[in-house]
Amino acid sequence: MMGEIVSVVVPVYNIKEYIDKCIDSIVNQTYSEIEIIIVDDGSSDGTEQIIDEYEKKYKNIAVYHTDNKGVSAARNLGISKASGKWIIFVDGDDYVENG
């Protein structure tokens, strides 16, 4: 799998208290060929500003804002934007152990 891009799709909705830990855990993985696609499903609690700051800070993060349509629609949008050979999903209120 060396050199192949892994797309990580993160659907988010009103989870400002968890999103930093989630994104930091993905950014800090030892495998470097990761694109992070964050789909904001209509947040209104400040989550949207937090993820926009991450997009400005990291070149491998892309953020998409949509009206609230549910997690399945957010994941489908993320899949449509992914360029990696592999796609994984991480919920915005979860995190990934280092590896």
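A residue is counted here as buried when its relative accessible area is under 20%. By this criterion Y54 is buried in the predicted model, because its relative accessibility is 9%. Y58, by contrast, is partly exposed, with a relative accessible area of 21%.

These two tyrosines form an aromatic pair, and the structure holds one such pair. The rings of Y54 and Y58 are stacked, with 6.2 Å from centre to centre and 15 degrees between the planes. Aromatic rings also take part in two arrangements with charged side chains. K21 lies over the face of Y95, at 4.0 Å from the ring centre. In the other arrangement, the charged end of R75 is placed over the ring of F89, 5.5 Å from its centre.

The sheet of the model is open and consists of four strands in the order 3-2-1-4, with parallel pairing. Strand 3 (61-65) and strand 4 (86-89) occupy the edges; each has a single partner strand, so one side of each is left without a neighbour in the sheet. From one strand to the next, the twist averages 20 degrees. Strands of a sheet pair through backbone hydrogen bonds, in either a parallel or an antiparallel sense. Seven bridges connect strand 1 and strand 2, which pair in the parallel sense. Along this pairing, V8 has I36 of strand 2 as its bridge partner, and P11 stands opposite V39 in strand 2. Strand 2 (residues 34-40) is also joined to strand 3 by five bridges, and these two strands run parallel. Here D40 is bridged to H65 of strand 3.

Burial was then examined along strands 1 and 2. In a regular strand the side chains alternate between the two faces of the sheet. In strand 1, seven of the seven residues are buried. V6, V8, V10 and V12 lie on one side of strand 1, and S7, V9 and P11 lie on the other, so that both faces are covered. Strand 2 is likewise mostly covered, with seven of its seven residues buried. One side of strand 2 carries I34, I36, I38 and D40, while E35, I37 and V39 are on the other, and all of these residues are buried. The buried set of strand 2 thus includes the acidic residues E35 and D40.

In soluble globular proteins, nonpolar side chains tend to be buried together. The largest nonpolar core of the model comprises 18 residues, and V10, I26 and I38 have the most contacts inside it. At least two residues of this core are supplied by each of strand 1 (6-12), helix 1 (16-27), strand 2, helix 2 (47-57) and strand 3. A second, separate core has five residues, among them V9, I37, A74 and A82. V9 and V10 are on opposite sides of strand 1. Beyond residues up to four places away in sequence, V10 touches C22, I26, I36, I37, I38, V39, V90, D91 and G92.

Individual positions in the loop, helix and edge strand complete the description. N14 is located in the loop between strand 1 and helix 1. Its phi is near 50 degrees, a positive value in a residue other than glycine. N14 is partly exposed, at 24% relative accessibility. E55, in helix 2, is also partly exposed, with a relative accessible area of 32%. When neighbours within four places in sequence are set aside, E55 is in contact with I61, A62 and V63. The C-alpha atoms of E55 and I36 are 9.3 Å apart in space, although 19 residues separate the two in sequence.

Y64 belongs to strand 3 and is partly exposed, with a relative accessibility of 26%. Not counting residues up to four places away in sequence, Y64 touches I37, I38, V39 and D40, together with L77 and K81. Y64 and I15 are 49 residues apart in sequence, and their C-alpha atoms lie 16 Å apart.

Definitions and conventions. Residues are numbered from 1 along each chain as its sequence is written. This is a predicted model: local features need pLDDT of at least 70, side-chain atom pairs count only at pLDDT 80 or more; totals for chains, interfaces and linings use all residues. Side-chain values use heavy atoms; hydrogens and water are left out. Rings of Phe, Tyr and Trp (its six-membered ring) pair if their centres lie within 6.5 Å; planes under 30 degrees apart count as stacked, over 60 as edge-to-face and the rest as tilted. Buried means under 20% relative accessible area, exposed over 50%, partly exposed in between (1.4 Å probe, protein chains only). A charge sits over a ring if NZ of Lys or CZ of Arg is within 6 Å of the ring centre and within 35 degrees of the ring normal. Two strands pair if DSSP finds at least two bridges between them. Axes are lines fitted to C-alpha atoms, for helices over the stretch in contact, and angles run from 0 to 180 degrees between N-to-C directions. A nonpolar core is a set of buried Ala, Val, Leu, Ile, Met, Phe, Trp, Tyr and Cys residues joined through side-chain atoms within 4.5 Å. Contact means heavy atoms within 4.5 Å.
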